[in-house]
Amino acid sequence: MNYKNAGVDIEAGYESVELMKKYVKQTTRPEVMGGIGGFSGAFDLSAIKNMEDPVLLSGTDGVGTKIKLAFLLDKHDTVGIDCVAMCVNDVACAGGEPLFFLDYIACGKNYPEKIATIVKGVAEGCKLSDCALVGGETAEHPGLMPEDEYDLAGFSVGVCEKKDLIDGSTIKAGDVLIGVASSGVHSNGFSLVRKIFDMTKESLGTYYDELGKTLGEALIEPTRIYVHMMKSVKNAGVKVKGCSHITGGGFYENVPRMLPEGKRAVIEKNSYEVPAIFKLMQKKGQIDDQMMYNTYNMGLGMVLCVDPADVDKTLEAVKASGETPYVVGKIEDGEKGVTLC
């Protein structure tokens, strides 16, 4: 009897590390110390020694049941982008610059090529956010997970000046809300997605004119990463007062998280065009508006709160970063929360 007979292939683990090294190397930053394969990832913080009052920020998340879609489509090179996005967007939402990222892959059986493909996506997400992939873990769980399945999670650490921290404390009535377009469903609400549509290769391979692509292609589209957008707005001299990353819980849970007591966000649903994938989901699933906006981003991956005097500068900065902005609402005095009208 040996470990391999028990279901854990150590040699496959070694092979996975070798295959992923080329992707990890592409994410390096000058502060990264050492290479992949050590017991910990080392990151030199001397680069921030000239900051006045540095604050470390962190974010952790997974991809959720969107992973099931990757299994069905046998497409594993984009869920890593989702994983990174869910973490670094939270860091950026607080005004931080993501510095480094670590991933955790749990699998029923280690297939080195598949693991390397997943990490390729993680590395791509790190490149899109100028974040170094400094380490990770691949754990084989025979008997606990089916051999052809895996789960993916990770976390990121970032930094910002304390004075640049976005905490919502200065939000006042009359401030303007700017929504930034999402790339689709992102990585939330897939348990409901899987109830709306038949999760079969035939169903996912169906082409929809309104989507301009197959259902599977629309759903697997990776989460948008907003790190460069937030940097662009900051570099334009705009002080973002509040920022909400629209993830699980949609608008009703996430928008109030940026608000101080006594302030209410009012968002006009007709201020932008809701993407076709959400309209299709709502029609197929016969889902009411309340549930849709309480579950999905409905086409807005982030909502920023800025002073009215900064609206034009913010719109231009968002556009300059390659993202699409919309003026979607305003702040009013009232009970902390959000009104969608």
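## A tour from the β-α-β unit to the salt bridges

Begin by selecting strand E4, helix H4 (residues 112-128) and strand E5, which together make a right-handed β-α-β unit. As you look, keep in mind that this is a predicted model.

Keep E4 selected and add its partners on both counts of pairing. With strand E5 (residues 132-140), E4 pairs in the parallel sense over eight bridges, and within that pairing Asp 103 stands opposite Gly 136. With strand E6 (residues 150-161), E4 pairs in the antiparallel sense over 10 bridges, and here Leu 102 is the residue that stands opposite Phe 155. Is E4 itself enclosed or open to its surroundings? Of the 11 residues in this strand (residues 97-107), eight are buried, so E4 is largely enclosed by the rest of the structure.

Next, return to helix H4 and show the side chains of Glu 124 and Lys 127, which meet in a salt bridge with an N to O distance of 3.4 Å. These two residues are three apart in the helix, and they are therefore separated by about one helical turn. Glu 124 is partly exposed, with a relative accessible area of 29%, and Lys 127 is also partly exposed, at 35%.

Now move to the open sheet of six strands, whose order is E10-E12-E7-E13-E11-E14 and whose pairing is mixed. The strands to colour at its edges are E10 (242-245) and E14 (337-340), each of which pairs on one side only. From one strand to the next, the twist averages 25 degrees.

At the E10 edge, select strand E12 (residues 300-306) as well: E10 and E12 run antiparallel and are joined by four bridges, and Ser 244 can be found opposite Val 303 in E12. Then add helix H3 (residues 79-93), which packs on the sheet and touches both E10 and E12, with its direction making about 170 degrees with that of E10.

For a wider selection, take residues 172-337, the range that UniProt lists, in an unreviewed entry, for "domain: PurM-like C-terminal". This span is 34% helix and 22% strand, and its end C-alpha atoms lie 14 Å apart.

The residue that begins this range, Lys 172, is also a good next stop. Lys 172 forms a salt bridge with Asp 307, in which the closest N and O atoms are 3.1 Å apart. Because Lys 172 lies in the loop between E6 and strand E7 (176-181), while Asp 307 lies in the loop between E12 and helix H12 (311-320), the pair ties together parts that are 135 residues apart in sequence. Lys 172 is partly exposed, with a relative accessible area of 38%, and Asp 307 counts as partly exposed at 23%. If you also select Asp 175 and Lys 241, you will have the four members of a network of salt bridges that includes Lys 172 and Asp 307.

Finish inside the six-stranded sheet, with Lys 263 and Asp 333, whose salt bridge has its closest N and O atoms 3.1 Å apart. Lys 263 belongs to strand E11 (residues 263-267) and Asp 333 to strand E13 (residues 325-333), so this pair ties together parts that are 70 residues apart in sequence. Which of the two is buried and which is exposed? Lys 263 counts as buried at 16% relative accessibility, whereas Asp 333 is exposed, with a relative accessible area of 54%. The salt bridges visited on this tour are among the 20 counted in the model.

Note on methods:
Residues are numbered from 1 along each chain as its sequence is written. This is a predicted model: local features need pLDDT of at least 70, side-chain atom pairs count only at pLDDT 80 or more; totals for chains, interfaces and linings use all residues. Side-chain values use heavy atoms; hydrogens and water are left out. Two strands pair if DSSP finds at least two bridges between them. Axes are lines fitted to C-alpha atoms, for helices over the stretch in contact, and angles run from 0 to 180 degrees between N-to-C directions. Contact means heavy atoms within 4.5 Å. UniProt positions are given in the numbering used here, feature names are shortened, and annotations may be inferred rather than shown by experiment. Buried means under 20% relative accessible area, exposed over 50%, partly exposed in between (1.4 Å probe, protein chains only). A crossover is right-handed if, with the strands pointing away from the viewer, the path from the first strand over the helix to the second runs clockwise.
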